[in-house]
Amino acid sequence: MKRLLNYGNEFVKQSDWRDLALIKLCLCAIGMMWGMALPKKAHKPAAFIIVSVFVCTYIPLMLKLFKIINKGINKKKS
């Protein structure tokens with residue numbers, strides 16, 4: 001398992017934003033296919049889970065982005 005994580009870390013180090021965007025689009029497509037396969041009565045609980053996961057991942061990503069932007073702005077001022 002540790003070796004797989006090392007491979008993943010190395011992949012991310014060698015990737016640019018386009019590669020990571022493709023991964024996200026692929027995962028989104030898989031999620032949509034999974035959602036379409038659910039019975040109608042399971043759509044509301046699945047939507048709740050999906051929105052929860054989105055919010056729980058989006059907020060930390062945006063906080064990290066804002067920290068990077070803030071560091072860049074502070075470097076320009078110095």
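Reader: Is Ser15 buried or exposed, judged by its relative accessibility?

Author: Buried means under 20% relative accessible area, exposed means over 50%, and partly exposed is in between, with a 1.4 Å probe and the protein chains only; Ser15, at 16% relative accessibility, therefore counts as buried. This is a predicted model, in which local features need pLDDT of at least 70 and side-chain atom pairs count only at pLDDT 80 or more, while totals for chains, interfaces and linings use all residues. Residues are numbered from 1 along each chain as its sequence is written, and side-chain values use heavy atoms, with hydrogens and water left out.

Reader: Where is Ser15 found, and which backbone oxygen lies 2.5 Å from a polar atom of its side chain?

Author: Helices are DSSP runs (H or I, at least four residues) numbered from the N terminus, and Ser15 is found in the loop between H1 and H2. The oxygen in question belongs to the backbone of Phe11, 2.5 Å from a polar atom of the Ser15 side chain.

Reader: How many residues of H1 are buried, and what span should the helix have?

Author: The number buried is 0 of the 13 residues, so H1 lies largely in the open. The expected span of a helix is 1.5 Å times one less than its number of residues; for H1, residues 2–14, this gives 18 Å, and the end C-alpha atoms are 19 Å apart, which agrees.

Reader: How is a pair of aromatic rings described, and how many such pairs does a search of the whole structure find?

Author: A pair of aromatic rings is described by the distance of the centres and the angle of the planes. Rings of Phe, Tyr and Trp (its six-membered ring) pair if their centres lie within 6.5 Å, and planes under 30 degrees apart count as stacked, over 60 as edge-to-face and the rest as tilted. The search of the whole structure finds 1 aromatic pair: Phe54 and Tyr58 are stacked, at 5.2 Å centre to centre with 20° between the planes. Both residues lie in helix H3, 4 residues apart, about one turn of the helix, and Tyr58, at 41% relative accessibility, counts as partly exposed.

Reader: What are the accessibilities of Val55 and Lys67?

Author: Val55, which lies in helix H3, is partly exposed at 38% relative accessibility, whereas Lys67, also placed in helix H3, is exposed at 59%. Lys67 and Asp16 are 51 residues apart in sequence, and their C-alpha atoms are 20 Å apart in space.

Reader: What volume does the largest pocket have, and which residues are closest to its centre?

Author: On a 1 Å grid over the protein atoms alone, a pocket is an open set of points with protein on both sides within 12 Å along at least five of seven lines, and lining residues have an atom within 4 Å of a point. The largest pocket has a volume of about 550 Å³, and of the 17 residues that line this pocket, the closest to its centre are Leu27, Cys28, Gly31, Ile50 and Val53. Helix H2 (17–37) and helix H3 (43–77) are the elements that give two or more residues to the lining, and H3 gives the most, with 9 residues.

Definitions and conventions:
1 Å grid on protein atoms, 1.4 Å probe; cavity = no way out; pocket = protein on both sides within 12 Å on 5 of 7 lines; lining within 4 Å. Points joined across faces, edges and corners; volume = space filled by probe spheres on them. Polar contact = N/O pair within 3.5 Å; in protein donor to acceptor, adjacent residues only side chain to side chain.
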